[in-house]
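Good morning, colleagues. I should like to take you briefly through one structure, which I will now put on the screen.

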Amino acid sequence: MLVSAKEMLIKARDGKYAVGQFNINNLEWSKSILQAAQEMNSPVILGVSEGAGKYMGGYHTVVGMVEGLLKDLNITVPVSLHLDHGSYEGCLKCIEAGFSSIMFDGSSLPIAENIDKTTKLVEICKENGMSLEAEVGAIGGEEDGVVGNGECADPAECKLIADLGVTMLAAGIGNIHGKYPANWAGLSFDTLESVKNLTGTMPLVLHGGTGIPSDMIREAISLGVAKINVNTECQLSFAAATRTYIESGKDLVGKGFDPRKLLTPGCEAIKATVKEKIELFGSADRA
Ligand code: 13P
């Protein structure tokens, strides 16, 4: 059964570790991430961007697929199915489809409108027993065509949004989606500390988990980050393993072209990446 992310994040915050959100794109991604989490005995959050939801056929398809996998693979660790960077309309659609968690990304809106829409969603999520993530300060880089600059959030605005009763808060601290450029300034721990000081016990979310050095990840967790999002890194691992398989001509030998063979190295690579992150985030054996 899918669960809200609330309980797993409170436990993570109190236990000083973080739960990974790994974005899914299809059956192979979903199955690999769920198997990795189960083998590591770790709670996990499956992230779905609006673009990925559309790609998979729609939100009902995503819910059906993930719920089916939980049963058929006997997944017993806590799993949350979460809309990533949702629009207001996207959030409503995912609530209706049966997601257990949503993120409303109002970071590009004027703060008054972000507050207004987040307030409405707080109520709806409470009624449905779902968790809600809000965002202040755009996360940089490009995701599904949405481009941001890696802002640092205004801690006072973070407090305004946190006080609305959201479950978790994503605050921009110089992080960006995708690969980090060579001249990246690193995470702003001063911003993170100020946000933490003003938002108190609110579990904080770190987006753009791909490529952040391990010591920065550990420091972010020590300063209140309880959820870390990873997307690009699984895509890179999958692509590299698939490239090796094809370039070594394995698809041309026997039935090597069978998708169940051709996609296996990529799936194994996703599993390895997810396990590595679970280890780094400290959520192994916390199910
Ligand atoms: P990366 O693609 O940089 O890992 O970021 C993922 C993310 O933050 C999803 O919201």
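Ile45 has Ser80 in β3 as its bridge partner. Please bear in mind throughout that this is a predicted model. The pairing of β2 with β3 is parallel and comprises 6 bridges. On strand β1, residues 19-23, β2 again has a parallel partner, here joined through 3 bridges. In that pairing, Phe22 lies opposite Leu46 of β2. Together with helix α2, residues 27-40, the strands β1 and β2 form a β-α-β unit that is right-handed.

How enclosed is β2, and why? Strand β2 spans residues 44-49, and 6 of its 6 residues are buried, so the rest of the structure largely encloses it. In a regular strand, side chains alternate between the two faces of the sheet. In β2, Val44, Leu46 and Val48 point one way, while Ile45, Gly47 and Ser49 point the other way, and all are buried.

Let me turn to the ligand. It is surrounded by 15 residues, of which His207, Thr210, Asn229, Asn231 and Thr232 come nearest. The elements contributing two or more residues to this shell are β3 (79-86), β10 (225-230) and α10 (232-247). By character, the shell consists of 12 polar, 2 charged and 1 nonpolar residues.

Finally, Cys152. This residue sits in the loop between β7 (146-148) and α7 (155-162). Is Cys152 buried or partly exposed? Cys152 counts as partly exposed because it has 18 C-beta neighbours inside 10 Å, whereas a buried residue would need 20 or more. Leaving aside residues up to four places away in sequence, Cys152 touches Gly137, Gly172, Ile173, Gly174, Ser188 and Thr191. Gly137 is 15 residues from Cys152 in sequence, yet their C-alpha atoms are 5.9 Å apart.

Conventions: Residues numbered from 1 in each chain as written. Predicted model: local features only at pLDDT ≥ 70, side-chain atom pairs only at ≥ 80, totals over all residues. Near = placed C-beta within 6 Å. Helix = DSSP H or I, 4+ residues; strand = E, 2+ residues; numbered from the N terminus. Nonpolar A, V, L, I, M, F, W, Y, C, P; charged D, E, K, R; others polar. Buried ≥ 20, exposed ≤ 12 C-beta atoms within 10 Å, placed from the backbone. Contact = placed C-beta atoms within 7 Å. Pairing = 2+ DSSP bridges. Right-handed = clockwise from strand over helix to strand, strands pointing away.
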